[in-house]
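Me: I would like a close look at one part of this model and at what surrounds it. Please follow the contacts outward rather than listing everything.

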Amino acid sequence: MSLNAYEVFVAIAERGSFASAAHQLNLSPSAVSHALSSFEQELGFTLFGRNRSGARLTAGGEALLPTVREVLQCKDKLRQQAANLLGFEAGTVRIGALTCVSVAWLPKIVRSFAACHPKIVVSIEQGGCDDVAKWIMNSQVDLGFTIFPAPPELDATPLYADPLMCIAPSGFAPKGKAYITVPELADHNVVLQGQEHGREIEQVLAKHKISIRSGARAIDDAAILAIVESGLAISVMPQLALRSYKSAVQVFPIYPLESRIIVLASLGQERLAPAADAMHQHIQRVVALWSNSEGGSQS
């Protein structure tokens, strides 16, 4: 079994077609098809179902994909260590991130990392908490920004305590005037995020045993802001997410103070390739400096 066949297998799985995989790997479609066929013959079972819409993983392919990704990660780690011994850095770091992190932190993180490590390539996948955790566990990314508590299989380093804020339309006046209490949320129509993206808000409501009237759910932060701005509802959003948008909504602290903890997760720092380990340390430094300069609440 060759590493080239492993790369072909992963590329088809991620791209969903032989043609796209061939383009990504700079190979001919016939070379991709031949490599996969040889791999399937060695394994003794089919990895993909083929149809007009593309290639779909079989049950066997789904089961094998995380292991193959791990093998390719080990290959990258070996190559990077060899490069370091020769006196220069190389490699790729793959990061999974929540939308707010992609907007607020990653541009500065990637730019400053590239200044120190110009030969290391950084790729970013954006998704929700469940997406990021799954990508890490499947070795699709090396590192991921997600929310505490992370799945027990992951090693998680706390980065930042992100306060939850109440957003309300113009003219809204909470009883406390400068803040809104958690029980007061029950007096209003509240638009919530989709469950995967707003899990920390659901946890706050459960913690305080609050039932609310929710007329809508939305995944996109901009959609929630538009609904609130129109006067249809109030909502609760993390402060970091609010930094990415300009809106006419009012923002009130929540009392008692509630926060979500943003963590940097991986399969374990000892399993990281040198490039990913360097990025892990760099992220912690950059977020700490950002937190201090912004007057934020660092965990």
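Which residue follows helix 7, and is its phi positive or negative?

Reply: The residue that follows helix 7 is Ser139, and its phi is positive, near 60 degrees. This is a predicted model, so local features are described only where pLDDT is at least 70 and side-chain atom pairs only at pLDDT 80 or more, while totals for chains, interfaces and linings use all residues. Numbering starts from 1 along each chain as its sequence is written, and side-chain values rest on heavy atoms, with hydrogens and water left out.

Helix 7 itself spans residues 129-137, helices here being DSSP runs of H or I with at least four residues and strands runs of E with at least two, numbered from the N terminus. Cys129, Val132, Ala133, Trp135 and Ile136 are its buried residues, where buried means under 20% relative accessible area, exposed over 50% and partly exposed in between, with a 1.4 Å probe and protein chains only. Viewed along the axis of helix 7, these buried residues fall within an arc of 160 degrees (taken from the directions between the helix axis and the C-beta atoms), so they line one face of the helix. That buried set is covered by elements including strand 3, strand 4, strand 5 (143-147), helix 8 (199-207) and strand 12 (259-266).

Ser139 leads on to another helix, since it is in contact (heavy atoms within 4.5 Å) with Gln73, whose other partners, leaving aside neighbours within four places in sequence, are Arg94, Val141 and Asp142. Gln73 sits in helix 4, and its relative accessibility of 19% is why it counts as buried.

Helix 4 and Arg94 both bring us to the largest pocket. A pocket is an open set of points on a 1 Å grid over the protein atoms alone, where a 1.4 Å probe fits and protein lies on both sides within 12 Å along at least five of seven lines; lining residues have an atom within 4 Å of a point. The largest pocket is lined by 21 residues, and Val10, Glu14, Gln24, Asp76 and Arg94 lie nearest its centre. Two or more lining residues come from each of helix 1 (3-15), helix 2 (18-25), helix 4 (59-85), strand 3 (91-97) and strand 4 (120-126). Helix 4 gives the largest share of that lining, six residues.

Turning to helix 8, which is among the elements covering helix 7, its buried residues are Glu200, Ile201, Val204 and Leu205. They span an arc of only 145 degrees around the axis, which puts them on the same side of helix 8. The exposed residues Ala206 and Lys207 are carried on the face turned away from that buried side. Cover for the buried residues of helix 8 comes from elements that include strand 6 (155-168), strand 8 (189-193), strand 10 (235-238) and strand 12; strand 12 is also named among the cover of helix 7. Helix 8 is followed by Lys209, which has a positive phi, near 55 degrees.

For wider context, the largest nonpolar core (buried Ala, Val, Leu, Ile, Met, Phe, Trp, Tyr and Cys joined through side-chain atoms within 4.5 Å) holds 41 residues, of which Val101, Trp105, Ile109, Phe145 and Ile283 touch the most other members. Helix 11 (residues 274-294) contributes the most to this core, eight residues. Not counting residues up to four places away in sequence, Ile109 touches Phe145, Met279, His282, Ile283, Val286 and Val287. A second core, separate from that one, has 21 residues, including Val8, Phe9, Phe18 and Ala22.
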